[in-house]
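Reader: Got a minute to walk through this one with me? I'd like the short version.

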Amino acid sequence: MFYKPRLATSELKLLRLLNARMNLTGREKQHYLNLEKGFEGELKFDLLLDGLTGERLILNDLLLEINNTSFQLDSLMIVQDTIYTFEIKNMEGEFYYENHSFHSISGTEIKNPNHQSQRSKILLRQLLKNINLHFPVEAFVIFVNLHFTLYQAPRELPIILPTQLHSFMTTLASKPSKLNSRHTKLAETLLLEHHNESPYTRRPAYHYRQLKKGITCPKCHAFMLKTENRMLMCGSCSWMENLDSAVMRIIEEFKLLFPDQKITTRVMVDWCGGDYSDKTIRRILVQNLSLKGYGRWTYFE
Ligand SMILES: [Zn+2]
């Protein structure tokens, strides 16, 4: 059971919106694509965990802190007698292991994900000690991408390569697990210890003027086209949506991009790309939001 489900981070959501509406710099775009790929890998692993039977509690994307040191866990699973933590990697290509480091086949050294995973394990143990909940912790790095290979990987390393994933899941599934209130308390406490990431860190520089206006598709982020009967259709994947829901959805996006801006009919007509009249947009706002202020200072919340 997913006790804390996985959602796209605010940073990823923000970059998705910006990528659809402006040209990100090369670095920003690469960072965005990395986040997107990482998220895709995490969802892939969630599906595998979801297929396990038995009682278990899964908490995704925990950001924890101990003694002013923060650490992040992609996935944490509580079973009867163990806490498992999983660092999920969706990288692809050929790599080799040498001198405790990962290297791409071209020789470039990359960060050893096992170091991060083991560091998190130590910090989690300290945290558990502090809150007086004693469970053994096992930490694994999971490589989910079928196009990933690691040569010379020592067998004792707690990493699971794509070719081992099936037997690893079978082993996990074979362990009987019954949970009680102690496990629930542990999950609740970890959730209380979780810090929400700030959506405003590392945001690229952007301005309202430079963003392309219009309604983007919730599936593929391409722009949607106005069709008949208050419907819109995605120009790329043909996803259909009714106008009211599309407008409300992009108001949420607007709020994420411009948290300090007030929602007014005039601003939203422009944000929708000018395809809809003041009257139409105002009707949608009136029906779905509450009206604040008077006369020309009217806005919606
Ligand atoms: Zn689409």
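Reader: How many residue pairs are in polar contact between domain 1 and domain 2?

Author: One residue pair, with both residues at pLDDT 80 or more. Keep in mind that this is a predicted model.

Reader: And what residues make up the side of domain 1 that touches domain 2?

Author: Four are nonpolar, one is polar and three are charged.

Reader: How many salt bridges cross that interface?

Author: The rule finds one between domain 1 and domain 2.

Reader: Side chains of Arg 21 and Glu 253: how do they meet?

Author: They meet in a salt bridge, at 3.7 Å from N to O.

Reader: Back up a step. Where do the domains start and end?

Author: The domain assignment puts domain 1 at 2-193 and domain 2 at 213-300. Eight residues of domain 1 and ten of domain 2 take part in the contact.

Reader: How far apart are the C-alpha centres?

Author: They lie 36 Å apart.

Reader: What area do the two domains bury between them?

Author: About 800 Å², and 70% of that is on carbon and sulfur atoms.

Reader: Which three residues supply the most on the domain 1 side?

Author: Leu 17, Ala 20 and Arg 21. Together they give 69% of the area that domain 1 buries against domain 2, more than any other three residues. Arg 21 is also the residue whose side chain meets Glu 253 in the salt bridge.

Reader: New topic, the metal. What coordinates the zinc ion?

Author: The SG atoms of Cys 217, Cys 220, Cys 234 and Cys 237, at 2.3 Å. The donor residues follow the spacing C-x2-C-x13-C-x2-C in sequence.

Reader: Why is the arrangement called tetrahedral?

Author: Because the four donor atoms subtend angles of 99 to 117° around the zinc ion.

Reader: And what is the ideal angle for four tetrahedral donors?

Author: The ideal is 109.5 degrees.

Notes
Residues are numbered from 1 along each chain as its sequence is written. Side-chain values use heavy atoms; hydrogens and water are left out. Domain bounds come from an automatic or database domain assignment. Contact means heavy atoms within 4.5 Å. Buried area is the accessible area (1.4 Å probe) that two parts lose on being put together, summed over both. A salt bridge is a side-chain nitrogen of Lys or Arg within 4 Å of a carboxyl oxygen of Asp or Glu. A polar contact is a pair of N or O atoms within 3.5 Å; within protein, one must be able to donate a hydrogen and the other to accept it, and residues adjacent in sequence count only if both atoms are side-chain atoms. Ala, Val, Leu, Ile, Met, Phe, Trp, Tyr, Cys and Pro count as nonpolar, Asp, Glu, Lys and Arg as charged, and the others, Gly among them, as polar. Donors are N, O and S atoms within 2.8 Å of the metal (3.2 Å for Na, K and Ca); water is not among the atoms, so sites may look incomplete. Four donors count as tetrahedral if all angles lie between 85 and 135 degrees; four count as square planar and six as octahedral if opposite donors are over 155 degrees apart and all others between 65 and 115; anything else is irregular.
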